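Please load the model in the viewer and keep the selection panel at hand. The tour proceeds one selection at a time.

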Amino acid sequence: MQSVDRAVTVLELVAKHGEAGITEIATELGVHKSTVSRLLSVLESRGMVEQLGDRGKYVIGFGIVRLAGAATGRIDVARLGQVSCQELADQLGETVNIAILDEDSAINITQAHGSAAVSAQNWIGQRTPLHATSSGKVLLAHMPVDRRRRLLRRKLEEFTPRTITDADQLKQELERVVSDGYATCFEELELGMHAVAAPVLGQRGEIVGAISASGPAYRLPRRRIRQVADELAEVAGQLSEQLGYLA
């Protein structure tokens, strides 16, 4: 833990000064120059810092920019999505959420309730299973293949008799999600509840989130799903454009 703390402190010092050498960093940290040299070597190998030619000075590297970009994408989709969520919720009368990937789950970051929503439950900050939700299926379908393969090797928990717990069946479902452009969930997480979701893309076409609409099965029947999916896809496309994605 001490090494991690020192490495973070090194990054903070370099960021604070704009550029810094081993000697001045060692002086501020109160450690030997060899310790700082090892820390900088590791940080440089991960692209967190870069050395300025022969001057011996270090500056923040593009690895930090990539990390910051990931965080910015999450913040932007939540901020930009709030208005869109409320407008869509008002239009559909149902609950609309935006979820992002959080390790092996989906986490809801934005929510709006329509006039006909049966529950005012707050889902913001709550983690939901990827295989049993429409948003989760979108996130699964668009994540890197290797990561998806690792997740599907795990046991798929059954939440209702309709939950897909067979990995091969889920793979087929995810292929449909990609080809159709949206995902559905029919009583797979909670009996009596249906949902549909569409992907929100970032500047490079990467998945940054999923926007979903959910409601009781009697008001969001299968015959209405395609219409709602089209409306979700339109809003998701607008959000994607605002995040810098150009189709």
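Over how many bridges do strand β8 and β9 pair, and in which sense? Strand β8 (residues 193-201) and β9 are paired in the antiparallel sense over nine bridges; strands are DSSP runs of E of at least two residues, helices are runs of H or I of at least four residues, and both are numbered from the N terminus. Two strands count as paired if DSSP finds at least two bridges between them.

The model is predicted, so local features need pLDDT of at least 70 and side-chain atom pairs count only at pLDDT 80 or more, while totals for chains, interfaces and linings use all residues. Residues are numbered from 1 along each chain as its sequence is written, and side-chain values use heavy atoms, with hydrogens and water left out.

**The six-stranded sheet**

Within the pair already selected, pick Val200, which stands opposite Gly209 in β9. Then extend the selection to the whole open sheet of six strands, whose order is β6-β5-β4-β9-β8-β7, with antiparallel pairing. At its edges stand β6 (127-129) and β7 (183-186), each with a single partner strand, so one side of each has no neighbour in the sheet. On average, neighbouring strands of this sheet are turned by 35° against each other, direction ignored; axes here are lines fitted to C-alpha atoms, for helices over the stretch in contact, and angles run from 0 to 180 degrees between N-to-C directions.

Next, select β4 (95-102). Seven of its eight residues are buried, so the strand is largely enclosed by the rest of the structure; buried means under 20% relative accessible area, exposed over 50% and partly exposed in between, with a 1.4 Å probe and protein chains only. Towards strand β9 (residues 207-216), β4 has five bridges and runs antiparallel; Ala99 stands opposite Ala210 there. Towards strand β5 (residues 105-112), seven bridges join the two strands, again antiparallel, and Ile100 stands opposite Ile107. Between β4 and β5, show the hairpin with its two intervening residues, where Glu103 in the turn has a positive phi of about 60°.

**Glu94**

Now select Glu94, in the loop between α4 (62-92) and β4. Is this residue buried or exposed? Glu94 has 2% relative accessibility and therefore counts as buried. Its side chain makes a polar contact with the side chain of Arg219 at 2.8 Å. A polar contact is a pair of N or O atoms within 3.5 Å; within protein, one must be able to donate a hydrogen and the other to accept it, and residues adjacent in sequence count only if both atoms are side-chain atoms. Not counting residues up to four places away in sequence, Glu94 touches several residues, including His113, Ser214, Pro216 and Arg224; contact means heavy atoms within 4.5 Å.

**Helices on the sheet**

Add helix α8 (residues 222-242), which lies across β4, β7, β8 and β9 and runs at about 25° to β8. Then add helix α5 (residues 134-142) and helix α7 (residues 167-180), which pack at an angle of about 85° with their axes 9 Å apart. That makes α5 roughly perpendicular to α7, a term for angles of 65 to 115 degrees; under 35 counts as roughly parallel, over 145 as roughly antiparallel and the rest as oblique. The contact consists of Lys137, Val138, Leu140 and Ala141 of α5 with Leu170, Glu173, Leu174, Val177 and Val178 of α7. By class, this contact has seven nonpolar, no polar and two charged residues; Ala, Val, Leu, Ile, Met, Phe, Trp, Tyr, Cys and Pro count as nonpolar, Asp, Glu, Lys and Arg as charged, and the others, Gly among them, as polar.

Zoom in on Glu173 of helix α7. With 11% relative accessibility, Glu173 counts as buried. Leaving aside neighbours within four places in sequence, Glu173 is in contact with Lys137, Ile164 and Thr184.

**The three-stranded sheet**

Finally, select the open sheet of three strands in the order β1-β3-β2, where the pairing is antiparallel. Its edge strands are β1 (20-21) and β2 (49-51), each pairing on one side only. Two bridges join β1 to strand β3 (residues 57-60), and Gly21 has Lys57 as its bridge partner in β3. Helix α1 packs on this sheet, touching β1, β2 and β3, and its direction makes about 95° with that of β3.
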